[in-house]
Structure formats: C-alpha cells, structure tokens
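Me: I would like to go through this model with you. Could you take me through it step by step?

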Number of protein chains: 2
Amino acid sequence: MIAAPRSEQVLALCGGVGGAKLALGLYRVLDRDRLTLVVNTGDDFEHMGLNVSPDIDTVVYTLAGLADPERGWGRAGESWHFMGALRDLAEDTWFNLGDCDLAMHVLRTEWLRCGGSLTAFTARAAGKLGIAARVLPMTDDSVRTIVATEEGELPFQHYFVRLRCEPPVRSIRFQGAETSRLTPELLDVLARPLRAIVICPSNPFLSVDPILAVPELRAALVNQSAPVVAVSPIIGGQAVKGPTAKMMSELGIAVTTHSIAAHYEGLIDGLLIDSTDIADRASVDLPVIATNTLMRSLADRERVAHDVLGFCDTLAQSPVSGLAGAG
Amino acid sequence: MIAAPRSEQVLALCGGVGGAKLALGLYRVLDRDRLTLVVNTGDDFEHMGLNVSPDIDTVVYTLAGLADPERGWGRAGESWHFMGALRDLAEDTWFNLGDCDLAMHVLRTEWLRCGGSLTAFTARAAGKLGIAARVLPMTDDSVRTIVATEEGELPFQHYFVRLRCEPPVRSIRFQGAETSRLTPELLDVLARPLRAIVICPSNPFLSVDPILAVPELRAALVNQSAPVVAVSPIIGGQAVKGPTAKMMSELGIAVTTHSIAAHYEGLIDGLLIDSTDIADRASVDLPVIATNTLMRSLADRERVAHDVLGFCDTLAQSPVSGLAGAG
C-alpha cells in the first residue's frame, strides 16, 4: 500500500482513557492510515518483571475494539484467574493484570529483553490486531513519571493505582526525559508537513506533559507548520474522569479552560473547549471553539474528532489569531 | 517446629507425572516434614522469556492438591484466556500456559532475574501452598536435556511437547550437567543419614538420569548408607504413560524390568516391580519385590509408598543381597 501524502497526516498526542476516546474518533473519521498517535510512556513500569505500558495498551485496545468500555483500562470480557493464583503465591498483588492482557505484557517483556524497541513491538501488536493507524510511543527511552506528594516521591503507578491518587500532589517530574530521544519512526512523521496536530483531552500534567518533556519532540511540534489544537479535558469546571481536577487544585491551578490554555501556551494555536465552559472563552487569548466534548458514545467520539479536525483546517487556512466559532 | 531427626528422612528422586504420583503417596504416609523430593530440572526451559520448570510445578501442584488429575500437567480447573489472547498477537503458541499456572512462571522468572535461586523460589512457593515436604531442584545450575533424534538435536520441550515425542530418539544428553553443582540445601539433607532413598517411577532416561547427571549428587547418593530402591516404571512390559517404552525401543533397550535394573546398576539396592512383570524377577540380580504399582487412586499411591518404604526398611535391616519378597 502506498502511504497517503504526509500533508494528509494527522498527529495526535494522547495518554490513557480520555485521550483514547478522541483517538478512536479520529481513527474512525480519518482514512485509517492517515493517523499517527503519539502515546505517553511516562506511566510505564516494571511489575513482577513484566514491562507494562498502560497508555499504549489502552490506545491499542481501544482502536482494536478490545477495550473495556466501563472500567476504562484493560480488555472487555477480561478474566482474572492469574490474579487469583497470584494471591496464593505472593503478597504484591495491588496491580491487576487480566489473563488476556497478560499476553501483551509477556510478549512485550520478551521483545524488549531481546533488544527490540517499544516502538517496533507496539507496531507489531497493533498490526496483529488490525490497527492501520500508527501507534508510536513518545520515545523508546525510559521516561518515568514521578509524583512528589506529601508522602514523598512516588512512581506513577504507586500514586495512581496503589494509593488511588489520594496523597496530595506537590509537583511532578519526568525522570529520564531530559536525555530521552525522538524515535526514528516519530522523526520520520514529524519531518514532513502534517495536516494537524491534536492534543487529546488527556490529563495535561500526567499524560501530555511527559510527551512534551521529550526535548526533540517538543521542538519538532513547535517547528511544525501544521496547526496545533488542544481539546480541553475540563467540562463545566470539572475533569471528566481521573485525578485532573483534584491534582490541579493541589498544584494551585484553577480548574478552568484558561488554565489549560496557559499550560499549553507557546505550543497550541487553538483550543477546543466544552460548551459549558463558554464563559471562560474571553480569558483565553487564542482561537477557541466550543462544542459538546463529553464523549459517551461512539458518535460523540466521531463528532468531536470532526470538530477538532475542522477547527484545525480552518486555522490552517486563516493562520491569524482571533478566529473563533461556536460549535 | 523442630525438624525430625535426619534418620527419619526419606529422599525421593522424581520427574513429572509418574514420579509425582508416588511422591504424593510418600507425602501422605510419612510425617509431612520427613520427605525431601529431589526434582528433575532438565526439562526446564525459557518460553516467551518466562522460566518454566515443568517437573517442579507438577510435584508442587500435586502435593498442594492443585494438579489436574486427567491432563497430567498443570492445574485443575485451569483456564486458557491468556493463550487465546496470545494467539491474536504471536505465532509461537505451541506450549500451553494456563492462566493460573502463569502466576508461578511470572513469579519464578522475576525471582531468578533478581538473582534468587530456584531452590529458594521453590521452597517459598511450596510453603505458600502449604506443602511441608522439602521440594528441591536437583541443582540451581542450568542443566538442559537435549534429545538427539533423526531430525537433529532438540531441546527437550521441543521434542516432548512441540513434536509430541514423534522423532525417533538416538541419544540423550544433559547440557551443563558436568559442571552443575549440588545445592547447599540438598547437600545439607544428603550429609546426614537417611531412612531411605526412593527413585520414583519416572522415565529413567528423561526424568531420573538428569538428576543423576549432577556429579556431586550421584556421588552423594552412592555414598549414602540408606537403602536405595527404584520403583520400576514398567507395568506388564509397557510404560504406564509417556514416551518411556517408545524411547527404550528406539534406544535398543528391551522394555523390561531387567533393563530398568541394569540402568540403575551400582546405584540401587533393590527394585520394586509390578506383579505383572514377576517373570522378569529371575533376571534381576538384586533384591526385588513385586506389587501392584499402577497408581490410579489416592489409595494406590499410599499403598505403593507403604510398599516401597517397607522394602527399604527391610533392606536396611538385612543389608545382604538376595532378599526378596512378593507383594
């Protein structure tokens, strides 16, 4: 198959659940080989000797139609017999690994131990599951999100899963990010013109910041001529799911679209916000459109994908600021 | 708990299914802390990056009451969702790993990668599952059974599982055995007098020979004053299960109790044979008793255990050869 011209290519940055919803929408409304997803690996960790990449797996399972729609992670129809046996043999059972999900972790662990890259493994797994979009880790180097809390520094999964985001957060850092490198595969995509760059409505601090912390990646995004649009994860002054709002409060950041715009300042050319946050629009010194960003159904995901792509295309045609339409 | 005096200790050498049946019988008729099982690790292999120890697991699951009684390996009530997911992601799915069984492999792999010994892991797992007997790998060093066949040399599991023992066998060797060392834990048991040493009715060539190929282990067994009795795996000129008879034929060895006695010559002080092979007795220049050695029920296992222990005790009291009773 001849690849589509790069100017048709859309690049989307995403983390786990929230991001994967829009990623699926984009995947469904675009010709399938015109989407490249750059996925956060700051949440990756080694658990019981297995290399677990939660956000990559969420994206892959979501695009393959295998994701559990309720739980927000892992596979639909999953079974837990491994965990049952584990509890008889070990104490350390705080991280749930489903029986089907384990296949991914075991294969990935073997792949990496044999010297293969996470990028190559992910491409292979996505291909096996029939995914035509490129799913690229933000880097093949180890970047680990460390959350400084009132209980000390915690690896991300300990904070997120083991302690259920309970310890108040003081700051976040991305261990290894400074020296992490852009992958050849991602460089290849970024070296050519793109149609649009979308920042999915993932947690900006936990899911998108690690991606932007890869120095060459951030630089390449800033240098791209394509419009960069973020979809705000805030709806009506609340985060849809996950610890975003709680964490923003703990970090002293107002839970507003203005804060999101400020967070991405210098990177984004436009912000897509939820209609319920329309009052915030005046405070954002950027092109903004407002629409219903809550993605409950598959149709919602496709609609938001259409909206953000349309917004990007409009920005590309009218690259002066001040453009604003209401969804 | 104070350990039983070592003179009450029984040591049994065993491989997988056949051996584990008698191991369970011994475990049930002996005070539980008076049994030490030395288990073949020549079948161990790395599969998808996981350290799999089939014989150790068969013994542990059998003693813990978790073994599948029909299949002959793995756990009862096992599920196979991992394998189902694996088939969507990988080609190499010839070795079945059950969802519950995987817990053992994942934990063992992590343990070994962190520098722990197979002996320590096995003791820990057996303890967690409530097993009071010592289950000891024959060595902590890598010994790998290699089967030379008409299709070339094959790692054991490739021969046994992947090719279902189909290629005719020319010879068998145990890679790494020459330099393998006795473990401190096994040395500790062997350094003191034992009540009896039992060679379970496992495949002599595939399951017991690797154990005897550990040089210090064989020497320690020969030096022990305790009687050494083998239970013949032959019943009515056939092997009960597995490739024993087929392999003996291919190696040019008659499928008789005489062959078993000859195989263990210089090591054993007596042979327990099946009543159906009573005609072979005259050809064996060793004390022999004949009994029903087919172990279908739990009562069968306990009865054969009683028989072999009684035989050992008789030999210990009358250490001259020529003793023979009929079971």
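Reply: This is a predicted model. A turn of 180° with a shift of 0.0 Å along the axis lays chain B on chain A, with an RMSD of 0.0 Å. That relation is the one of a two-fold axis.

Me: Which residue of chain B comes closest to the rotation axis?

Reply: Asp99(B) does, with its C-alpha at 3.0 Å from the axis.

Me: And how many residues does the contact take from each chain?

Reply: The contact takes 25 residues from chain A and 25 residues from chain B. On the chain B side, helix 3 (81-89), helix 4 (101-113) and helix 5 (118-128) each supply at least two residues. The largest share, eight residues, comes from helix 4 of chain B. By class, the side of chain B that touches chain A has 15 nonpolar, five polar and five charged residues.

Me: Through which surface do the copies meet?

Reply: They meet through the same surface, because 100% of the interface residues of chain B are also interface residues in chain A.

Me: Changing topic: in what order do the three strands of the open sheet in chain B lie?

Reply: The order is 7-6-8, and the pairing is antiparallel. Strand 7 (152-155) and strand 8 (169-175) of chain B each have a single partner strand, so one side of each is left without a neighbour in the sheet. On average, neighbouring strands of this sheet are turned by 25° against each other, direction ignored.

Me: Over how many bridges do strand 6 and strand 8 of chain B pair?

Reply: Strand 6 (residues 144-149) and strand 8 of chain B pair over six bridges, in the antiparallel sense. As one example, Ala148(B) has Ser171(B) in strand 8 as its bridge partner.

Conventions:
Residues are numbered from 1 along each chain as its sequence is written. Chains are lettered from A and ligands numbered from 1 in the order in which they are written. This is a predicted model: local features need pLDDT of at least 70, side-chain atom pairs count only at pLDDT 80 or more; totals for chains, interfaces and linings use all residues. Two strands pair if DSSP finds at least two bridges between them. Helices (H or I, at least four residues) and strands (E, at least two) are DSSP runs, numbered from the N terminus. Axes are lines fitted to C-alpha atoms, for helices over the stretch in contact, and angles run from 0 to 180 degrees between N-to-C directions. Two residues are in contact if their C-beta atoms, placed from the backbone, lie within 7 Å. Ala, Val, Leu, Ile, Met, Phe, Trp, Tyr, Cys and Pro count as nonpolar, Asp, Glu, Lys and Arg as charged, and the others, Gly among them, as polar. Copies are superposed by least squares on the C-alpha atoms of residues with pLDDT of at least 70 in both.
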